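Visitor: I have a structure open on my screen and I'd like to learn how to read it. Could you walk me through it?

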Amino acid sequence: MVEKYNLSSNSWVNQTYELRNLWALAYLRNQFFGRIKTTCQCEGINSLIKAYVRKKDTLLEFINNMEIVVSHYRNNKRVAEFNSKYTDPLFVTSLPTLEGFAAKTFTRNMFREVRKEIDGACVMNTELVIQDGGKLYFKCNSFGMPEIDHVVEFDRVGGMLRCECLWFENQGIPCMHIFACLKHQYVEFILERLVCKRWTKNAKSDFMKSNVDDPSDSDKVLKCRLGVLGAECSKLMDVACKNSSDFVKAMNDIVNTITKLQKQGENPHKGDLDDDYIVDPLVVKSKGAPKKNSKFKQQRKCSNCGVPRHYNKSYPNVPGRIPKEKVDDDIEKNNSSHLDMLTKVCHTITMSRISLYGDLTYCVLDF
């Protein structure tokens with residue numbers, strides 16, 4: 001870019017180039033990471049597991065909760081596989097042949113990403129620049145922005161297209177510039193070298209079958225065999241459950257095969273569990289002061305006699321203190337009414353005395 005626009009003497013460009021170790025996208029554009037660039041997938045798994053796992057769970061509860069999480073993952077996988085194999089998406093672009101080939105080849109999630117690129121190719125202007133034997137060089141730009149163009153190399157002999165944007169090398173799917181070149185050359189399918197196997201519907205079975213007999217890693221072989229058997233059993237279930245006779249025959253064959261393998265001693269998981277048992281993990285105490293237990297709260301005692309349930313002020317046997325007798329409610333009401341009457345009488349007498357003293361005072365002053 002510096003050579004193209006003659007920016008070698010520009011100070012800002014030179015300073016920016018000194019920070020080239022921060023240009024992650026520019027340096028990693030031609031590297032393939034399986035569409036994983038951040039830790040968002042790990043964070044999503046941790047947030048999901050956190051809803052089922054607690055720090056005070058026992059080992060049995062932990063295993064049960066993890067089985068629930070795994071069952072949810074497997075259910076989502078089955079739903080995605082069913083949608084990819086047995087449902088047909090709607091075609092919305094103006095290139096139905098390329099879109100239909102992508103729908104048959106890629107999984108449903110990846111098909112949505114590929115369809116975006118196909119839709120972007122519909123508004124691309126494509127021009128053949130150079131033709132060198134079996135190689136063609138195209139210049140592609142978007143409609144309305146002719147100043148921004150990309151060069152695409154089309155090798156007709158090798159069946160490969162390579163764009164300078166390096167979208168296929170980074171994301172694993174063809175870019176809109178490649179689809180524009182396919183449209184220009186009237187190609188109605190995606191070339192085999194432009195299809196990444198991991199995004200196809202048969203990616204899992206092909207990968208497992210290629211690693212079933214790898215003698216270098218026994219754990220890897222075991223996992224691959226388990227995956228292949230699981231994939232074939234899922235196909236067997238889809239076919240055998242449609243007819244009652246096929247179901248009975250498949251069920252009998254499976255039971256007979258399991259019984260035969262068990263008798264031959266093919267199951268290696270035999271041993272005494274008492275030799276190496278697993279117990280619940282220890283619960284680590286958290287920081288801070290321990291919580292007080294209300295069950296063992298010390299009761300208050302009297303300072304005179306040391307007996308609980310009363311204290312010094314309510315002690316009944318203090319010398320000179322008259323114990324309070326219990327009074328019925330009716331007697332208490334009568335006493336309160338009598339007290340009110342006496343209060344009114346005393347108030348009347350007091351006011352009459354005050355008026356009498358006032359009259360005598362006036363008489364003395366007149367005299």
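**A patch on the surface**

Visitor: Let's start on the outside. Which residues form a nonpolar patch on the surface?

Guide: This is a predicted model, so keep that in mind as we go. The patch consists of Tyr17, Tyr27, Leu28 and Phe33, and together they offer about 410 Å² of accessible area.

Visitor: Where does Phe33 lie?

Guide: Look in the loop between α3 (24–27) and α4 (40–50); Phe33 is there.

Visitor: And why does Phe33 count as partly exposed?

Guide: Exposed residues have over 50% relative accessible area and buried ones under 20%, with partly exposed in between. Phe33 has a relative accessible area of 41%, so it is partly exposed.

**Strands and hairpins**

Visitor: Now the strands. How should I think about side chains there?

Guide: In a regular strand, side chains alternate between the two faces of the sheet. Here, strand β1 (residues 124–132) and strand β2 (residues 135–142) run antiparallel and are joined by 8 bridges. For a landmark, find Asn125, which stands opposite Asn141 in β2.

Visitor: How many residues sit between the strands in the hairpin of β1 and β2?

Guide: There are 2, and in this hairpin Gly133 takes a positive phi near 65°.

Visitor: Which strand pairs with β2 over 8 bridges in the antiparallel sense, apart from what we just saw?

Guide: That's strand β3, residues 145–155. Lys135 has its bridge partner in β3, namely Asp155. The hairpin of β2 and β3 again has 2 residues between the strands, and there Gly144 has a positive phi near 95°.

**The whole chain**

Visitor: Zooming out, how many helices and strands are there in the protein?

Guide: You'll count 13 helices and 4 strands. Of the 367 residues, 20% count as buried. The accessible surface comes to about 30100 Å², and carbon and sulfur atoms hold 57% of that.

Visitor: What share of the contacts with a separation of 6 or more comes from residues 24 or more positions apart?

Guide: Those pairs account for 41%.

**How far to trust it**

Visitor: What does the protein average in pLDDT?

Guide: The average is 77, and 69% of the residues score at least 70. Over residues 270–274 the pLDDT is below 50, and this stretch has 0 contacts in the model beyond near neighbours in sequence. Residues 356–367 also stay under 50, with 0 contacts beyond four places in sequence.

Visitor: How should I treat stretches like that?

Guide: Where pLDDT is low, don't read the predicted coordinates in detail.

How values were computed: Residues are numbered from 1 along each chain as its sequence is written. This is a predicted model: local features need pLDDT of at least 70, side-chain atom pairs count only at pLDDT 80 or more; totals for chains, interfaces and linings use all residues. Side-chain values use heavy atoms; hydrogens and water are left out. pLDDT is the predictor's confidence in each residue, from 0 to 100. Contact means heavy atoms within 4.5 Å. Patches are made of residues with over 30% relative accessible area and no salt bridge: like charges are joined within 9 Å, nonpolar side chains (Val, Leu, Ile, Met, Phe, Trp, Tyr) within 5 Å. Accessible areas come from the Shrake-Rupley method with a 1.4 Å probe; for residues, only the protein chains shown count as cover. A salt bridge is a side-chain nitrogen of Lys or Arg within 4 Å of a carboxyl oxygen of Asp or Glu. Buried means under 20% relative accessible area, exposed over 50%, partly exposed in between (1.4 Å probe, protein chains only). Two strands pair if DSSP finds at least two bridges between them.
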